Amino acid sequence: MIYNFDSLSFQIVTIDRFKHREGFFSVNARPYSALSFRVSGTGDFKFGDKRLLVNPGDILFIPSDLPYEVEYSLSESIVIHMKDCNYYEPEAYSLENSAEVSLLFMQICQDWQRWRSVNGAKAAIYSIFEKIEKDKNLSISNTAFAGCLRYIETNFCEASLDIGAVCKEGFISVSSLQRMFLQYFGVSPMQYVIKLRMNKALGLLVANKHSVREISSMCGFSDEKYFSRAFKKKYGVPPSRFKNNMML
């Protein structure tokens, strides 16, 4: 598995979001590898006798110099293209908790578009691999916690979401939930919820189709002023200014 391949080496070529039109395509071998996160839609990939069906929230690795066929629904993905990658097996991963990895892919894409920091991007990629490995271990070792994560991922935009409801979903205590979040993610449950909400808010601001007040409500913030303060603390500018910059 690429996420625990100790001898892995690679160089980043580019990182971007791609929209895929619906249809069946034959793709020639390319001189670079691709690590991607499926944001929406599906991709049915065939590498010779090997077939990988990729759904929203899944991660796909395609090695260099490997032709393939793919059938897309109307879809979108975040793709990291890499050269000189020394891992050669196509792989797909369905995660118990795709939200944390989704945050990392979105952040690495945004950072790459702004700064082109190779070292920062490579560090983020290794963080993605670490999250995949933890998710795989988690799915085996603690199905109750995995159920809590799925519940949070589904309901994090609800302003009424509270940790008590999450614990009832997983049949675990508040102290156990807090301990597991610190162990696997290094944050409290509510800090994790705020991270999910902020990531969704960032995407809505980039899309520039809603007011700051609307986005605050859509992302589960009952107080627009609190949302603005939290956004500025995380990204350095208030959401209103960030939104205006998108219009330039």
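The secondary structure of the chain, in what is a predicted model, comes to nine helices and nine strands. Along its principal axes the C-alpha trace spans about 50 × 50 × 35 Å. A compact globule of 248 residues would have a radius of gyration near 18 Å, and the 19 Å of this chain agrees with that expectation.

Buried residues account for 46% of the 248 residues, and the accessible surface of the chain comes to about 12,800 Å², with 50% of that area belonging to carbon and sulfur atoms. When contacts between residues at least 6 apart in sequence are considered, 75% of them join residues that are at least 24 apart.

**Charges and salt bridges**

The chain carries 30 positive and 26 negative side chains, and the centres of these two sets lie 9 Å apart. Side chains of opposite charge can pair when their charged atoms come close. The structure holds seven salt bridges, among them the three pairs in the table below.

| Salt bridge | Closest N to O distance |
|---|---|
| Asp44 and Arg51 | 2.7 Å |
| Glu89 and Lys50 | 2.7 Å |
| Glu100 and Lys195 | 3.3 Å |

In the salt bridge between Asp44 and Arg51, the acidic partner Asp44 is buried, because its relative accessible area of 14% falls under the 20% limit. Arg51, by contrast, has a relative accessible area of 55% and is therefore exposed, the limit for that class being over 50%.

The salt bridge of Glu89 with Lys50 links distant parts of the chain, since Glu89 lies in the loop between β8 (75–83) and β9 (91–93), whereas Lys50 belongs to strand β5 (residues 50–54), 39 residues apart. Glu89 is partly exposed, with a relative accessible area of 36%, and Lys50 is likewise partly exposed, with a value of 28%.

Two helices are joined by the salt bridge in which the side chains of Glu100 and Lys195 meet. Glu100 sits in helix α1 (residues 98–115) and Lys195 in helix α6 (residues 189–207), so that this pair ties together parts of the chain that are 95 residues apart in sequence. Glu100 counts as buried, with a relative accessibility of 5%, while Lys195 counts as partly exposed, with a relative accessibility of 29%. Besides these pairs, salt bridges that share partners join Arg17, Lys19 and Glu76 into one network.

**The surroundings of Cys148**

Cys148 lies in helix α3 (residues 143–155), and with a relative accessibility of 0% this residue counts as buried. Which residues are in contact with Cys148, once its neighbours within four places in sequence are left aside? The contacts of Cys148 are then with Val166, Gly170, Ile172 and Leu177. Lys168 can also be placed relative to this cysteine: the two residues are 20 apart in sequence, and their C-alpha atoms are separated by 8.6 Å in space.

Taken together, the residues described here include buried positions such as Cys148 and Glu100, partly exposed ones such as Glu89, and the exposed Arg51.

Terms used
Residues are numbered from 1 along each chain as its sequence is written. This is a predicted model: local features need pLDDT of at least 70, side-chain atom pairs count only at pLDDT 80 or more; totals for chains, interfaces and linings use all residues. Side-chain values use heavy atoms; hydrogens and water are left out. Helices (H or I, at least four residues) and strands (E, at least two) are DSSP runs, numbered from the N terminus. The radius of gyration is taken over C-alpha atoms; the globule rule is 2.2 Å times the number of residues to the power 0.38. Buried means under 20% relative accessible area, exposed over 50%, partly exposed in between (1.4 Å probe, protein chains only). Contact means heavy atoms within 4.5 Å. Accessible areas come from the Shrake-Rupley method with a 1.4 Å probe; for residues, only the protein chains shown count as cover. Lys and Arg count as positive and Asp and Glu as negative; His and the chain ends are not counted. The place of a charge is taken as NZ of Lys, CZ of Arg, CG of Asp or CD of Glu. A salt bridge is a side-chain nitrogen of Lys or Arg within 4 Å of a carboxyl oxygen of Asp or Glu.
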